[in-house]
Amino acid sequence: MIKIELTEKQFEALSKKKLADVVTLCDTVNRLKQTTPNMAPFLDKFLSNETTEVIYNGGSNAGKPRKLILQNIKPDGAFSAFCIDSDTSKSFKLEKVELID
């Protein structure tokens, strides 16, 4: 049996995905939260499809704020997100993300 605890908002955001994809995403997020607890608020947004604003210290606009819609994250912290500012999906690395309060 698989038990996943989700908020109502997370359930609504994830209900259109395949169960195996949801389980993998939840597992990845929870493991990364254990190794990088300071990023827990950011990682939780992968489960709710919330738009988030971060400073990304990489790429062509390093150090500038970016508005992202988070899509998927891998166990090594590499993730994909839709960048609202550039109107395209891009790849990012968790270690280059700086949270904006």
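Followed from one end of the sequence to the other, the protein shows the pattern α-α-α-β-β-β-β-β, which amounts to three helices and five strands. The model is a predicted one, and what is said here describes that model. Of the 101 residues in the protein, 32% are buried, while the surface that the protein exposes comes to about 6600 Å², with carbon and sulfur atoms supplying 51% of it. Among the contacts with a separation of 6 or more, 39% are made by residues 24 or more positions apart.

A good place to begin is helix H2, which takes in residues 19-35. At 1.5 Å a residue, its 17 residues should span 24 Å, and because the C-alpha atoms at its ends are 25 Å apart, the expected and the actual span agree. Within H2, the buried residues are Val22, Leu25, Cys26, Thr28, Val29 and Leu32. These residues cover an arc of only 165° around the axis, and therefore they lie on the same side of H2. The background to this is that an α-helix has 3.6 residues a turn, so residues three or four places apart point the same way. On the face of H2 that is turned away from the buried side, the residues Leu19, Ala20, Arg31, Gln34 and Thr35 are exposed.

From the helix we can turn to the aromatic rings, for which a search of the whole structure finds five pairs. In one of them, Phe42 and Phe46, the ring centres are 5.7 Å apart and the planes stand at 90°, so this pair is edge-to-face; both Phe42 and Phe46 are buried. Phe42 also forms an edge-to-face pair with Phe79, with 5.5 Å from centre to centre and 65° between the planes. Because Phe42 lies in helix H3 (residues 40-44) and Phe79 in strand S3 (residues 78-83), this pair ties together parts that are 37 residues apart in sequence. Like Phe42, Phe79 is buried. Taken together, Phe42, Phe46, Tyr56, Phe79 and Phe92 form one aromatic cluster.

A last stop is the loop between H3 and strand S1 (51-56), where Ser48 is found. Is Ser48 buried or exposed? Its relative accessible area is 9%, and because a residue counts as buried when that value is under 20%, Ser48 is buried. The side chain of Ser48 also makes a polar contact, at 2.8 Å, with the side chain of Glu50.

Conventions:
Residues numbered from 1 in each chain as written. Predicted model: local features only at pLDDT ≥ 70, side-chain atom pairs only at ≥ 80, totals over all residues. Heavy atoms only, no water. Helix = DSSP H or I, 4+ residues; strand = E, 2+ residues; numbered from the N terminus. Expected span 1.5 Å × (residues − 1). Buried < 20%, exposed > 50% of the residue type's maximum accessible area, 1.4 Å probe, protein only. Arc of directions from axis to C-beta. Phe/Tyr/Trp six-rings, centres within 6.5 Å; stacked < 30°, edge-to-face > 60°. Polar contact = N/O pair within 3.5 Å; in protein donor to acceptor, adjacent residues only side chain to side chain. Contact = heavy atoms within 4.5 Å. Areas by Shrake-Rupley, 256 points an atom, 1.4 Å probe, with all protein chains shown as cover.
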